[in-house]
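Colleague: I'm new to this one and would like a close look at a single part. Could you walk me through the sheet beside the ligand, and then show me how the rest is arranged around that part?

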Amino acid sequence: METPNHSHDQQHFLLCPFMAQGHMIPMVDMARLFARRGVYVSFVTTPLNASRVRPTIDRASRCSNLPIRLVELRFPCEEAGLPEGIENVDVLPPSIDLFKRFIEGTKLLKHPLELFLSADRDFPPPTCVVSDFLLPWTLDVARGLGIPRLVFHGTCSYSLIVMESVRRYGLWDAADRPKKETMVTIPDMPCQFEMKKGLLPIPLSCGGLADFEGGAVKAELDSDGVVINSFDELEAKFTEAYGKLMGNEAYNIGPLSLCEGGVQAERGNKSSIDQEKCLSWLDSHKQGSVVYVSFGTLVRLGLRQVMEIGEAMKGSGRPVVWVLKQGKEGSEEIESWVSRFGEGLDWMVIVGWAPQVAILSHAAVGGFVTHCGWNSTLEGLCAGVPMVTWPHFWEQFVNERLVVEVLKVGVRVGIEVQTEWTKEEVMGREEIGVALENVMGGGEEGEERRRRVRVVGEMAKKAMEVGGSSYVNMTRLIEDVKGYVKENVVEDA
Ligand code: UDP
């Protein structure tokens, strides 16, 4: 491929995110960060996902004049046996079978991407693929172009080591369920680490995706590096250990949510509430007085659980911003219960998409009830907000461990069982209330927790500034890619 108008030194990264909000949102931020460093960026996705991120990408391209564009490929719903419009895990009904079909659909994007690239004359030739772990076929695309592939997972290195160890040593096994109380040691952690078997991240192989998972891990081992949404001051030794485990260079380049100084409009989706209205509601509240409750994009709560949360929040007497997902816990029944129950209370209930980073960054927010998805966790840390930790599945229990036991900036609500994607465990109002009171008040211990999380937030901001650790790591990454291209690409005669 030859693009006469572009210099041979011009870097062009293809960013290939997996289509789940927790994976896409940080890659949009990453795209803007690379573009700001003079790298051309193609953000590869499908129409539904493109429509969600287009305002952000367009703003970066038009208003900030960054060399960034969307590459839109049709998602093959029909070929994959999925209903039309199922292009993101957050609109996928909770079913392992449908998830498998979704994965099959993503594999079919390889050929259209290659076709697009072979005809593309608008951007310089690609020099690097940055791909989600769950899109292992992008290794072939990178190899076909003779360029490096870097892997992105979406979570932190602390959890990645646990996840890889569980897979490598077969530590979680469906047949082991009766032994789920047994403590398991994670041998590859660079510190002593034990966890209850039942709370370990369940590998994809247990959902009948063993081949897919094996292929994705092999593709990562054969790749050229791993990019982490984290920062050295938080977990340099874990990132280094994860890199070693996978035989790859590892780069902490986050927290990516700080790429615009923290407050961003329409991050990840169109907000269901006017951001200004939301912020002025927060303006009318005292510093550190408001509780923010949100469980990310995939956790589904049933009416009984929502009622317990409602009672606990009411019992706390504190102002609350509560996000309910549309079509999930935002079902008609639940919505009408919450609106009746919340009448007269100092609450803001958002049904749909909330401007989470903007809310968390507001001084009025004093506590975050979170499911411990890594993005939410990191956003809470950046904002210096202590957390009530309420993990549900995957690596969320490991993220909780980092928040509560390592950083000591959160209080566990006390979940001891993994929620299966489709089932519900109910946590009572008393437990929720106690954890909330500890986080929002909590006496001297609470003060200490708030001080600690503010320090972490300050370190996070410094990491992203010019000359900060993540800024320097991104420079290193770009230089390494340049070196790879020089070593591996045979110059045209
Ligand atoms: N998010 C948001 N508004 C919402 C719900 C979620 O902005 O109403 C964002 C949140 O800020 C985070 C991401 O969606 O960046 C969710 O990712 P996370 O890893 O926390 O959880 P997941 O949804 O993957 O379980």
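**A close look at one sheet**

Modeller: Let's start with one pair of strands: E10 and E13 run parallel to each other and are paired over five bridges. One spot to find there is Val 291, which sits opposite Gly 367 in E13. Keep in mind that this is a predicted model.

Now look at the other partner of E13. Strand E13 (residues 365–370) is joined to strand E14 (residues 387–389) by three bridges, and these two also run parallel. You can pick out two facing pairs here: Phe 368 is opposite Met 387 in E14, and Thr 370 is opposite Thr 389 in E14. How many residues of E13 are buried? Six of the six, so the strand is largely enclosed by the rest of the structure.

Step back and you'll see the whole sheet. It is an open one of six strands, in the order E12-E11-E10-E13-E14-E15, and the pairing is parallel. At the edges stand strand E12 (347–351) and strand E15 (410–412); each has a single partner strand, so one side of each is left without a neighbour in the sheet. From one strand to the next, the twist averages 15 degrees. Helix H14 packs on this sheet, where it touches strand E10 (290–294), E13 and E14. The direction of H14 makes about 165 degrees with that of E13.

H14 is also our way to the ligand. Which helix gives the largest share of the shell around it? That's H14, with four residues. Helix H1 (21–36), helix H13 (356–360) and helix H14 (374–382) each supply at least two residues of that shell. There are 19 residues around the ligand, and those that come nearest are Gly 22, Gly 296, Thr 297, Gly 373 and Ser 376. By type, the shell divides into seven nonpolar residues, 10 polar ones and two charged ones.

From the ligand, follow H1 into the nonpolar interior. The largest nonpolar core has 140 residues, and Leu 15, Ala 31 and Val 41 touch the most other members. H1 gives the most to this core, with nine residues. If you want one residue to zoom in on, try Val 41. Leaving aside residues up to four places away in sequence, Val 41 touches Phe 13, Leu 15, Ala 31, Phe 34, Ala 35, Pro 67 and Ile 68.

There's another sheet to set beside the one we began with. This open sheet has seven strands in the order E3-E2-E1-E4-E5-E8-E9, again with parallel pairing. Its edge strands are strand E3 (68–72) and strand E9 (249–252), each of which pairs on one side only. Here the twist averages 25 degrees from one strand to the next. Helix H9 (residues 232–246) packs on the sheet and touches strand E8 (225–228) and E9, with its direction at about 160 degrees to that of E9.

You can walk across part of this sheet strand by strand. Strand E4 (residues 128–132) and strand E5 (residues 149–152) are parallel partners over four bridges, and Asp 132 has Phe 152 in E5 as its bridge partner. E5 then pairs with E8, in the parallel sense, over three bridges. Phe 152 turns up again in this step, standing opposite Val 227 in E8. Next, four bridges join E8 to E9, and these two run parallel; Val 226 stands opposite Ala 250 in E9.

What about the two faces of E8: which residues cover them? Gly 225 and Val 227 lie on one side, Val 226 and Ile 228 lie on the other, and all of them are buried.

For a last stop, leave the sheets and look at a loop. Gly 198 is in the loop between strand E7 (194–196) and helix H8 (210–221). Is Gly 198 buried or partly exposed? Partly exposed: it has 19 other C-beta atoms within 10 Å, and a buried residue would need 20 or more. Not counting residues up to four places away in sequence, Gly 198 touches Lys 180, Glu 181, Val 417 and Gln 418. Compare that with Ile 57: Gly 198 and Ile 57 are 141 residues apart in sequence, and 41 Å apart in space from C-alpha to C-alpha.

Key:
Residues are numbered from 1 along each chain as its sequence is written. This is a predicted model: local features need pLDDT of at least 70, side-chain atom pairs count only at pLDDT 80 or more; totals for chains, interfaces and linings use all residues. A residue is near a molecule or strand if its C-beta atom, placed from the backbone, lies within 6 Å of it. Ala, Val, Leu, Ile, Met, Phe, Trp, Tyr, Cys and Pro count as nonpolar, Asp, Glu, Lys and Arg as charged, and the others, Gly among them, as polar. A nonpolar core is a set of buried Ala, Val, Leu, Ile, Met, Phe, Trp, Tyr and Cys residues joined through C-beta atoms within 7 Å. A residue is buried if 20 or more other C-beta atoms lie within 10 Å of its own, exposed if 12 or fewer, and partly exposed in between; C-beta atoms are placed from the backbone. Two residues are in contact if their C-beta atoms, placed from the backbone, lie within 7 Å. Two strands pair if DSSP finds at least two bridges between them. Axes are lines fitted to C-alpha atoms, for helices over the stretch in contact, and angles run from 0 to 180 degrees between N-to-C directions.
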